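Me: I'm new to this structure, and I'd like a close look at one part of it. Please pick a patch of the surface, walk me through it slowly, and then show me what's around it.

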Amino acid sequence: MSDTVDHPFFARLWIAMSSREPESLRRLRRENLAGLSGRVLEVGAGTGTNFAFYPDTVTEVVAVEPERRLVAVAEAAASAAPIPVTVDTGTVEKFADGGEFDAVVCSLVLCSVDDPEQVVSQLYSILRPGGELRYLEHVAGVGPRARLQKFADATLWPRIAGNCHTHRHTEDTIVGAGFRVTGARREWTFPAWVPLPVAEFALGVAVKPA
């Protein structure tokens with residue numbers, strides 16, 4: 001991730017969208033966080049939508065959000081969260097010495113980083129052995145949707161959606177960093193016939209070998 005993020009249009013759009021998330025996506029957020037415990041790093045926390053869904057077995061969440069326009073909203077969500085949440089305006093690089101988190105959470109963020117391989121490798125180093133990467137990401141589809149995603153990524157989509165790239169093989173990147181995926185599936189948050197490049201999501205648990 002870069003040290004600064006400046007997407008004013010997307011920040012305003014995301015604040016509006018996150019306040020009206022469909023229940024289908026909120027359900028996936030809950031599932032992605034279920035069973036977590038200990039100290040958690042959340043990458044790209046956005047407006048703090050996840051904070052309300054963390055179980056009480058989590059002792060602390062350090063939530064990284066480099067877009068300053070989203071930080072104020074995330075801090076308000078943190079103050080109402082059922083567990084301690086600290087919002088950090090930096091990026092994951094500051095935690096790269098490693099081994100200090102029991103889990104890392106990525107929700108709709110790996111699509112927007114400039115170098116996903118580098119970021120996922122940093123997340124691997126941040127985790128203690130046996131720690132988990134929980135991910136909820138829209139990923140590369142197949143057939144007509146793949147063509148739609150490639151077209152979107154090559155045109156206006158990244159510019160209006162905070163550098164989001166919809167046709168990324170995120171799960172391959174996670175495995176390539178050394179993680180072992182222990183559970184993963186695909187879910188649709190919109191009907192499959194809806195011509196949106198981000199209708200399909202990957203939900204999974206990846207473990208750093210002990």
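Reply: Let's start with helix α1, which gives the nonpolar patch its largest share, three residues. (Helices are DSSP runs of H or I with at least four residues, strands are runs of E with at least two, and both are numbered from the N terminus.) This is a predicted model, where local features need pLDDT of at least 70, side-chain atom pairs count only at pLDDT 80 or more, and totals for chains, interfaces and linings use all residues. Residues are numbered from 1 along each chain as its sequence is written, and side-chain values use heavy atoms, with hydrogens and water left out.

Phe9, Leu13, Met17, Leu156 and Ile160 make up the patch, and together they offer about 460 Å² of accessible area to the surface. (That area is Shrake-Rupley with a 1.4 Å probe, and for residues only the protein chains shown count as cover.) To join such a patch, nonpolar side chains must lie within 5 Å, with over 30% relative accessible area and no salt bridge, that is, no Lys or Arg side-chain nitrogen within 4 Å of an Asp or Glu carboxyl oxygen. Ile160 sits in helix α6, residues 157-160. With a relative accessible area of 39%, Ile160 is partly exposed; buried would be under 20% and exposed over 50%, using a 1.4 Å probe and protein chains only.

Now for a neighbour of α1. In helix α2, residues 23-33, the buried residues are Leu25, Leu28, Arg29, Asn32 and Leu33. Looking down the axis of α2, you'd find them within an arc of 130°, so they line one face of the helix. (The arc uses directions from the helix axis to the C-beta atoms.) An α-helix has 3.6 residues a turn, so residues three or four places apart point the same way. The buried residues of α2 pack against α1 (8-18), as well as β4 (101-107), β5 (127-138), β6 (180-188) and β7 (200-207). Just past α2, Gly35 has a positive phi of about 85°.

Stepping back, the protein chain has seven helices and seven strands. Of its 210 residues, 52% are buried. Its C-alpha trace spans about 40 × 35 × 30 Å along the principal axes. As for its surface, the chain exposes about 9,600 Å², and carbon and sulfur atoms supply 57% of that.

Definitions and conventions. Contact means heavy atoms within 4.5 Å. Patches are made of residues with over 30% relative accessible area and no salt bridge: like charges are joined within 9 Å, nonpolar side chains (Val, Leu, Ile, Met, Phe, Trp, Tyr) within 5 Å.
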